[in-house]
Amino acid sequence: AGVAGAVQVAGGHYHGLALLGDGTVRAWGMNAQGQLGDGTRTRRTRPVAVRSLTGVVQVAGARGHSLAIRNDGSAWAWGYNAFGELGDGTRTDRATPVRVTGLTGVVEVAGGRDHSLALRSDGTAWAFGHNQYGQLGDGTTTHRSAPVRVGNLTGVVAVAAGAYHSLALLGDGTVWAWGRNNLGQLGNGALANRPSPVRVGTLTGVTAIAGGRDHGLAVLGDGTVRAWGANAYGQLGDGTTTRRTSPVTVAGLSGVETVTA
């Protein structure tokens with residue numbers, strides 16, 4: 001109900017988002033921090049309109065906040081903001097969308113547990129919010145309420161977020177990661193947190209990426225999938241429940257075009 005004509009959907013931890021063909025957004029579910037963007041903090045069991053937001057081309061959900069890109073390249077966010085994950089220069093929760101400060105030409109957004117990522121059309125990646133484990137990639141562990149550039153990455157074509165780590169796919173087919181690494185979710189063969197991007201294994205020819213809570217996924221140009229990080233529940237698909245600090249092949253998959261986690 002209320003999402004006829006949806007062209008994209010996204011999920012937060014306890015809320016959902018739908019982008020309609022007319023460029024407006026609907027949201028439903030938990031709303032204690034204003035993550036539905038309808039101007040209230042009332043839980044909704046049916047979709048409601050996100051207020052004052054038109055011309056939207058992408059939406060993304062996080063734990064307690066939501067993100068969107070408009071067709072003018074601006075990024076918008078609403079909901080939980082205790083760590084600055086809305087990127088508006090404050091740490092005040094917002095029940096309606098606010099513009100992410102200082103970013104133009106945004107082509108993709110992604111939400112982690114309490115941090116956000118944005119990819120600009122110039123191939124640079126930006127981050128804001130929670131940074132205890134270095135998941136903003138700016139070389140520090142300082143929370144940021146306004147966007148900071150992720151390391152010196154250039155040529156970025158996609159970004160993805162886990163709970164406390166972040167990922168970027170470069171145009172050369174390599175994957176880079178930063179942030180928490182206690183379960184190998186950075187895929188660099190180690191378990192130390194990294195506040196600046198490190199290369200994920202020796203992966204090349206990657207065409208798509210995704211971030212789970214504590215693991216990562218990559219699709220290769222040959223249609224196979226690689227995975228790394230936490231594996232207690234078999235989420236790496238390699239036939240084991242063994243944590244992997246470097247990418248392993250997901251068994252039995254071919255012809256894959258995209259992944260999600």
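In which sense do strand 7 and strand 8 (residues 94–99) pair, and over how many bridges? The legends below take up this question and others for a predicted model.

**View 1. Strand 7 and its pairing with strand 8.** Strand 7 and strand 8 (residues 94–99) run antiparallel to each other, and three bridges join them. Within this pairing, A77 has V98 of strand 8 as its bridge partner. Strands of a sheet pair through backbone hydrogen bonds, in either a parallel or an antiparallel arrangement.

**View 2. The two covered faces of strand 7.** Strand 7, which spans residues 75–79, is mostly covered, with five of its five residues buried. The burial extends to both faces of the strand, since A75, A77 and G79 are buried on one side, while W76 and W78 are buried on the other.

**View 3. The hairpin of strand 6 and strand 7.** Strand 6 (residues 65–70) pairs with strand 7 in the antiparallel sense, and five bridges connect the two. One of the facing positions places H65 opposite G79 of strand 7. The hairpin has four residues between the strands, and G73 adopts a positive phi near 85° there.

**View 4. The surroundings of E85.** E85 belongs to the loop between strand 7 and strand 8. Is this side chain buried or exposed, and which side chain of opposite charge is nearest? E85 is buried yet has no salt bridge, the nearest side chain of opposite charge being that of R63, at 5.8 Å; this distance lies beyond the 4 Å cut-off that a salt bridge requires. A polar atom of the E85 side chain does, however, lie 3.4 Å from the backbone nitrogen of A82. When residues up to four places away in sequence are not counted, E85 touches H65, L67, Y80, D114, H115, S116, F128 and G129. Among these contacts is H65, the residue that stands opposite G79 in the pairing described for View 3.

**View 5. An open sheet of four strands.** The strands of this open sheet follow the order 17-18-19-20, and their pairing is antiparallel. Strand 17 (206–211) and strand 20 (244–249) form the edges, each of them pairing on one side only. On average, and with direction ignored, neighbouring strands of this sheet are turned by 20° against each other.

**View 6. The pairing of strand 17 with strand 18.** Strand 17 and strand 18 (residues 215–220) run antiparallel and are joined by five bridges. In this pairing, I209 has A218 of strand 18 as its bridge partner.

Key
Residues numbered from 1 in each chain as written. Predicted model: local features only at pLDDT ≥ 70, side-chain atom pairs only at ≥ 80, totals over all residues. Heavy atoms only, no water. Buried < 20%, exposed > 50% of the residue type's maximum accessible area, 1.4 Å probe, protein only. Pairing = 2+ DSSP bridges. Axes fitted to C-alpha atoms, helices over the stretch in contact; angles between N-to-C directions. Lys, Arg positive; Asp, Glu negative; His and termini not counted. Polar contact = N/O pair within 3.5 Å; in protein donor to acceptor, adjacent residues only side chain to side chain. Contact = heavy atoms within 4.5 Å.
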